[in-house]
Amino acid sequence: MLPRAPVGGPRELLGLLVLKTAQLTRQHGVGRFCAGIRSYSSEHAHHDARIENVRNIGIIAHVDAGKTTTTERMLYYSGQTRHLGNVDHGNTTTDFLPMERERGITIQSAAITFQWPPKTLCSPGVEPKTVNLIDTPGHQDFRYEVDRCLPILDGAVCILDSVKGVETHTERVWESAQLSKIPRLLFVNKLDRDGASFKRSVHEVASRLRTWPLLCQIPWWRKDDFVGVVDVIYGVGLRFSNSGEMTVARKESIASENPALLAEMETARLRLVETLSEHDDQIMEEFLELENNVPSASIKRAIRRLIMDGEARFTPVFAGASLRNIGVQPLLDAVVDYLPSPTDRPELQVMVGSKTLSLTHLLERQGKGHQPLVGALAHVFKVVDDPRRGMMSWVRVYHGALGKRSEMWNTNMRAFEKTQHILHVSAKDHHEIAHLPAGHIGAMTNLKSARTGDTIITFPSRKGQEAPEAFRNVRIKAPETPPAVAFIAIEPYTKTSSDKLEEALEKLSREDPSFRWSKDGKTGQLILSGMGLLHLEIARDRLLTHYKIERESAMWGDIEVEYSECPLAPTGPHRAVYDRTLRDKAGKAACTASVEPLEAHHHDSLLESSIERDGNVIHVSIPLPEDTDALPFDAETVRQQLLNGAIAGLARGPRRSCPVRRSHVHVTFDPETDFFPSSTGGHITNAALHAVRNALKEAHARGQVGILEPFSDVQIHCPEEAGHAIQHDLTSARGGQVNEVRTPEHDDDGAAGAGPVDVSKVYVPPDPYESVQDLRGPKKAVVRMLVIVGKAPLKEMMKYDGHLRSMTGGRHTLQLDPGGFELVTGPRERALDGGL
C-alpha cells in the first residue's frame, strides 16, 4: 500500500517522485512529496525485462566525488534497499569488501540492478525501466577496473565534486568513455559544501572535457543555503528538506520568493532551446514558431537525439548534493529518459582474425538453415573469486541467451567449457536465474579458464570438439592492460608456502589482469607488479585475508617502483631453432626476430598482423602460398603462438631483468624452413621467445639497452607562501620539472576559446556568494592558493603527500596521474646500475 497523501497534495500526485509535466504543476499547484515515499522490493526477476526497457549504466568520477553515495541514494529511492548506507559508516551496498569499508573508497566495481520508477508507482500498463548499474572506482590506481567495465555499458553518469570541479582522473575516465562512444550525463554534486561553485564546474566541463553543457537544472539557493534544484525544462522548482522531503513549486511560488531565480530559470530555458535549435532541425522548426514556449517533451527528445551517438558534443547537466538527498530522483528520471537501451546503441563490431565485422554480418555466415549455428554470443568483462561461489565470470550478452549448464566455446582459449549456474548479481549477493538474455549483465560459475576480455559463443547443434570454422576465432575487442609501474618482492620460506602463494597469485592475476607476477627460477623469489602503491597494498591485503596466506610464511619486501628496459638501436635478425622435448613430446620449430626502438611511424603504419601490448608493437610475418589449404597448419593459430612467444621474450630484459617497452619487434615464420612435421604450439612459442631474447642480448652486449623510469603527472594545490619551496623541492631534490604555476581562478579566465567549446558563450547562472557575502559576517583572512603543474619520477612521488604536509601545514591537495616512462640518464642511471 502507498502511504497516505501528504497534506497539501492530491492523491494522484503520490505516484510521481518528480513532476513530469508543467501541466500537472499548473493544474494542482504546489504538491509535497516525501523522499521516503518508496516501496521496498526484494524481486530479482529483472533479467526478464524487455530489452528496450533496459539501461546498462556506469557511475564514473574522480575519487571522493560522491559516486558511492549517489549510488546508495539511487538504490534507496528505487526501493532496492531498506536503509541509506553511508561511506563513513562503512555500511554501503556496493562497497562491501572489508578493505573498501575500512578505507572509505571503492576498490572494485560492483554491479546492482533496480527498477525506476518503482513498479508500484507506475501507471497501469506502464513498465518500469530496469537499470543495471556498475559503481566504478575513482582512484587512478584502479583505472583498469574502469576501462574493462566501460565498453560493455550503454550509458554513464559522470559525477563532479562542485568544490574541486573537473579533476585529473575525471578527464581520464571521460576519455575512456569517449573511446567507447558512451552517451553521458553530468551530475554536479556537493553543492551544499563551502566553496562549491556550479558556475566554475560547468565552465570546466566545457573547457576541460570539451563538451557543450546542456543545463537541464540550475541550483536553488536560499540566501547561502543550497535547498534544491530548478527544473529548467519543465519550469518548476524541486526543494528538499534536511529529512529528504521534496516540495514541487510552480513558477508563481518561485516568483514570489525569489524573482531573480525565476529570471535565471527562464533565461536558462531560452538558452537551452537556442542551443538545441542550432543543431536539431525538428526543434528549430518549433522554436521559430513558438519561441520559448517549445513543449518540454520536444526539448527532451532533442536532447536525447543529440547525445545518442556517444560523441559527447553535448552533455546534459544536473545538480544536487547526494549526501543531503538533493537531486537524486530527478537524476534517475534523466537516466531512463536520456540514456539509451541496448537496442539504441550502434551495432557490435567483432574481429575475426585480422578483419572487423558487424555482428549482423558475422551471423549471416550461419547460412539460412532451419536452426542457427550460434545460440548466444557474450563478452567476459570481469572475473571475481567469490568466497562462496568460487571463480565467477561476469558477462554482457550481445546475442541470443545464455542458459545454465550450457557448453560455451572460448575463442581465446580455443576450447569448450560448461557453465554450472547463471547468476543475477546484486553487489555481494547472487541469485540463480534460468537464462541471461541479450542486452543484460550477469555472472556464470564453473568456467575454469575464462579471463577478462574473452569471447564466448554457444552452438546448440554443434558436433565434435571444435567450434564451426567460421566462428572459431571471433573476438570482441578487449581493453588493453596498462603497464605496471610498481612491484613487491615476496620470498617464501618453504616449497609448500611457495606453491600456495603461486596458486593465490594466479587467481589474483586472473581476477585483475593489471596484476602480473613472475618467479625467479634461481632464487624462487616471487615478483608481484601492479599499478601503484595503493593497488599493491590492496593486493597484499587480499593475499593475506582472502587467500589466507600466512604473513610468517614468506618475507615481504617494500613496494618499489618497477623500471623497464628499451632498445636504443636496431638489432640484426636472429634465427632461433627450438629442438627440445616438451611434455614428453619431441618436436622442433624455428623463426627469426629483430628488435628496434619504437617510433611514431610504427603506430601510424600499424598492420593488421601487428598488435600493441605493454608499450610494444609486435609484427608477425608468415609468407603464405596462394593455396593456403595446402598448409599443414592453421596460419592464424601459429600467428597467435608466435605473438605469445614474443610477448614472453619481452617480459624480462637483459640488463635488469625488467620488462621491455618501446620496442618494435618483427617476427618472421617461413613455412618452408621453420615448420617441421613435429612442430607443436609449444615449440613455435618457445622459438619466438628465444629469437626475441637473443636479439635483446645482442643489443645489451653492444650497450644499446636503456632504462625507463615511470613518471607521474603532478598537480599540487598549495598556499602561495609554500609555492616556492615546493617548486624548488620538485626540481632539485626530486628530479622533476615544473611546467606551469597558476592561480585556480586562472582556469576560467584562460579557458574561453581554448578548445572546441568557447566558454564565454556557455550560459551558467552566477553563484550566490557575492549577493550573500554580507550575511556570512566578517570575512576571514583568505589564503591565496597556487596550482603547481609538473612531472616527476613516480619513485619520488609515492610517499610525497606526507612530505608536503610538513611544508604546507596540511593545506594542500596532491593529484598524481600516470605520466608514462622516461629514459634514465646521467647520475640517476649510474645510481641504478650501482644498486644492482
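This passage describes the nonpolar cores and selected helices of a predicted model.

The largest nonpolar core comprises 124 residues, and the members that touch the most others within this core are Val-157, Leu-185, Phe-198, Leu-276, Ile-299, Tyr-338 and Leu-377. At least three residues of this core come from domain 1 (43–338), and at least three from domain 2 (349–476). Apart from this core lies another, made up of 31 residues, which include Leu-528, Leu-536, Trp-556 and Met-798. Within the largest core, the surroundings of Ile-299 can be described further: when residues up to four places away in sequence are not counted, Ile-299 is in contact with Ile-233, Arg-269, Leu-272, Val-273, Leu-276, Ile-283 and Val-294.

Helix H5 is formed by the 12 residues 168–179, for which a rise of 1.5 Å a residue leads to an expected span of 16 Å; the C-alpha atoms at its ends are 17 Å apart, and the two values therefore agree. The buried residues of H5 include Thr-168, His-169, Thr-170, Val-173, Trp-174, Ser-176 and Ala-177. Just after this helix, Lys-181 adopts a positive phi of about 55 degrees.

Two packed helices are described by the angle between their axes and by the distance between those axes. For helix H2 (residues 67–77) and helix H11 (residues 328–338), the axes come within 10 Å and cross at roughly 85 degrees. Because angles of 65 to 115 degrees count as roughly perpendicular, H2 and H11 are therefore roughly perpendicular to each other. On the side of H2 the contact is made by Thr-70, Arg-73, Met-74 and Tyr-77, while H11 contributes Val-328, Gln-329, Leu-331 and Leu-332.

Technical notes:
Residues numbered from 1 in each chain as written. Predicted model: local features only at pLDDT ≥ 70, side-chain atom pairs only at ≥ 80, totals over all residues. Heavy atoms only, no water. Core = buried A, V, L, I, M, F, W, Y, C linked by side-chain atoms within 4.5 Å. Buried < 20%, exposed > 50% of the residue type's maximum accessible area, 1.4 Å probe, protein only. Domains from an automatic or database assignment. Contact = heavy atoms within 4.5 Å. Helix = DSSP H or I, 4+ residues; strand = E, 2+ residues; numbered from the N terminus. Expected span 1.5 Å × (residues − 1). Axes fitted to C-alpha atoms, helices over the stretch in contact; angles between N-to-C directions. Parallel < 35°, antiparallel > 145°, perpendicular 65-115°, else oblique.
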